[in-house]
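Work through these exercises with the structure open beside you. Try each task before reading its solution.

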Amino acid sequence: SNSPPSITFKSVTFRHKGQTNPLLRNFSMHVPAGKKVAIVGHPGCGKSTLLHAINFGPETLELKTIVK
């Protein structure tokens, strides 16, 4: 089937390697298949990190990823 995928993050924390404070902490989000969302926020709050994780998978980031 060629239906678009849904996107789900459950209680995910992203932290740059060498940093003590997470960029995203206990982040959860679900986007149903075919829906659109806007990612907005202040500079440095994790928007690009989140989009990179969605597009390429969190394992491609130079981050420590903790999933509870």
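The model is predicted.

**Exercise 1. Confidence**

Task: State the mean pLDDT of the chain, and find which element has the lowest mean pLDDT and which the highest.

Solution:
- Start with the whole chain. The mean pLDDT is 78, and 81% of the residues reach 70 or more.
- Go to the elements. Strand 3 (residues 63-67) has the lowest mean, at 47. Strand 2 has the highest, at 85.
- Look at the stretch itself. Over residues 63-68 the pLDDT is below 50. The model still gives this stretch 21 contacts beyond near neighbours in sequence.

**Exercise 2. Layout of the chain**

Task: Describe the secondary structure, its order along the sequence and the share of buried residues.

Solution:
- Count the elements. There are 1 helix and 3 strands.
- Put them in order. The pattern is β-β-α-β.
- Check burial. Of the 68 residues in the chain, 24% are buried.
- Check the surface. The chain exposes about 5100 Å², and carbon and sulfur atoms supply 54% of that area.
- Check the contacts. Take those with a separation of 6 or more: 48% of them join residues 24 or more positions apart.

**Exercise 3. The nonpolar core**

Task: List the residues of the largest nonpolar core and say which elements each supply at least two of them.

Solution:
- Recall the tendency. In soluble globular proteins, nonpolar side chains tend to be buried together.
- Name the members. The largest nonpolar core has 8 residues: Phe-9, Val-12, Phe-14, Leu-24, Met-29, Val-31, Leu-50 and Ala-53.
- Assign them. Strand 1, strand 2 (24-31) and helix 1 (47-56) each give at least two residues to this core.
- Follow Phe-9. Beyond its neighbours within four places in sequence, Phe-9 contacts Phe-14, Phe-27, Ser-28, Met-29, Leu-50, Ala-53 and Ile-54.
- Follow Leu-24. This residue lies in strand 2. Its relative accessible area is 10%, under the 20% cut-off, so Leu-24 is buried.
- List what Leu-24 touches. Residues up to four places away are not counted. The partners are Val-12, Thr-13, Phe-14, Cys-45, Gly-46 and Leu-50.
- Take one partner further. Leu-24 and Gly-46 are 22 residues apart in sequence, and their C-alpha atoms are 6.5 Å apart.

**Exercise 4. Two sides of a helix**

Task: Which residues of helix 1 are buried, and which exposed residues sit on the face turned away from them?

Solution:
- Pick out the buried residues. In helix 1 they are Thr-49, Leu-50 and Ala-53.
- Place them around the axis. They cover an arc of only 100°, so they lie on the same side of helix 1.
- Recall the geometry. An α-helix has 3.6 residues a turn, so residues three or four places apart point the same way.
- Turn to the other face. Away from the buried side, helix 1 carries the exposed residues Ser-48, Asn-55 and Phe-56.

**Exercise 5. A buried threonine**

Task: Is Thr-13 buried or exposed, and which backbone nitrogen does its side chain reach?

Solution:
- Locate Thr-13. The residue is in strand 1 (residues 7-16).
- Apply the cut-off. Buried means under 20% relative accessible area. Thr-13 has 7%, so Thr-13 is buried.
- Find the partner. The side chain of Thr-13 reaches the backbone nitrogen of Asn-26 at 3.0 Å.

**Exercise 6. Positive phi**

Task: Give the phi values of Ser-11 and Asn-26, then place both residues.

Solution:
- Recall the background. Most residues other than glycine have a negative phi.
- Read Ser-11. Its phi is near 50°, a positive value. Ser-11 is in strand 1. With a relative accessible area of 23%, Ser-11 is partly exposed.
- Read Asn-26. Its phi is also positive, near 50°. Asn-26 is in strand 2. At 42% relative accessibility, Asn-26 is partly exposed.

Notes
Residues are numbered from 1 along each chain as its sequence is written. This is a predicted model: local features need pLDDT of at least 70, side-chain atom pairs count only at pLDDT 80 or more; totals for chains, interfaces and linings use all residues. Side-chain values use heavy atoms; hydrogens and water are left out. Helices (H or I, at least four residues) and strands (E, at least two) are DSSP runs, numbered from the N terminus. Buried means under 20% relative accessible area, exposed over 50%, partly exposed in between (1.4 Å probe, protein chains only). A polar contact is a pair of N or O atoms within 3.5 Å; within protein, one must be able to donate a hydrogen and the other to accept it, and residues adjacent in sequence count only if both atoms are side-chain atoms. A nonpolar core is a set of buried Ala, Val, Leu, Ile, Met, Phe, Trp, Tyr and Cys residues joined through side-chain atoms within 4.5 Å. Contact means heavy atoms within 4.5 Å. The arc is that of the directions from the helix axis to the C-beta atoms. Accessible areas come from the Shrake-Rupley method with a 1.4 Å probe; for residues, only the protein chains shown count as cover. pLDDT is the predictor's confidence in each residue, from 0 to 100.
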